[in-house]
Amino acid sequence: MTASEEARQVILDRKIASVIKTYAQRYNVPLAEAADTFYCSVTAELVGERIADMHCRSDGYLAEELWLEVQKRDNKRQQPDKQ
């Protein structure tokens, strides 16, 4: 890994940590739970792969996207099967 690639990874790691912290604070979620939620999300995949410039979005925006993703996922789990 080149120095430039290492620097980009450090910046991305800091961004992810900041998003997790923002999510935990904004939605009153324990930090460990916030980290688990983030790392198991589509949002994390998009940020990590630098898809759609998600890594350029603000921490607040990404925390809200994560919240919306979790709400959508939880609503699907709670809906009864239509049979």
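Helices (DSSP runs of H or I, at least four residues) and strands (runs of E, at least two) are numbered from the N terminus. With that in hand, let us walk through the structure. This is a predicted model, in which local features need pLDDT of at least 70, side-chain atom pairs count only at pLDDT 80 or more, and totals for chains, interfaces and linings use all residues. Residues are numbered from 1 along each chain as its sequence is written, and side-chain values use heavy atoms, with hydrogens and water left out.

Start with the overall plan. The chain has four helices and zero strands, giving the pattern α-α-α-α when read along the sequence. Its C-alpha trace spans about 55 × 30 × 20 Å along the principal axes. Of the 83 residues in the chain, 27% are buried; here buried means under 20% relative accessible area, exposed means over 50%, and partly exposed lies in between, using a 1.4 Å probe and protein chains only. Contact means heavy atoms within 4.5 Å. Among contacts between residues at least 6 apart in sequence, 60% join residues at least 24 apart.

Now follow helix H1, which covers residues 3-26. Its 24 residues should span 34 Å at 1.5 Å a residue, and its end C-alpha atoms are indeed 34 Å apart; the expected span is 1.5 Å times one less than the number of residues. The buried residues of H1 are Leu12, Lys15, Ile16, Val19, Ile20, Thr22, Tyr23 and Ala24, and they pack against H2, H3 and H4. After H1 comes asparagine 28, whose phi is positive, near 55 degrees.

Some of these names return in the largest nonpolar core. A nonpolar core is a set of buried Ala, Val, Leu, Ile, Met, Phe, Trp, Tyr and Cys residues joined through side-chain atoms within 4.5 Å. This one holds 16 residues, and Ile16, Tyr23, Ala34, Phe38 and Val47 touch the most other members. Two or more residues come from each of H1, helix H2 (31-39), helix H3 (42-48) and helix H4 (59-78), with H1 giving the largest share, six residues. In soluble globular proteins, nonpolar side chains tend to be buried together. Leaving aside neighbours within four places in sequence, tyrosine 23 is in contact with Asn28, Val29, Ala34, Thr37, Ala63, Leu66, Trp67 and Val70.

Lysine 15 deserves a stop too. This residue of H1 is buried, at a relative accessible area of 18%. What does its side chain reach? The partner is the backbone oxygen of arginine 57, at 2.5 Å. That is a polar contact, a pair of N or O atoms within 3.5 Å; within protein, one must be able to donate a hydrogen and the other to accept it, and residues adjacent in sequence count only if both atoms are side-chain atoms. Beyond its neighbours within four places in sequence, lysine 15 is in contact with His55, Arg57, Ser58, Asp59 and Leu62.

Finally, visit the loop between H3 and H4, where we find arginine 50 and alanine 52. Arginine 50 has a positive phi of about 60 degrees although it is not a glycine, and alanine 52 also has a positive phi, near 55 degrees. Arginine 50 is partly exposed at 33% relative accessibility, while alanine 52 is exposed at 56%.
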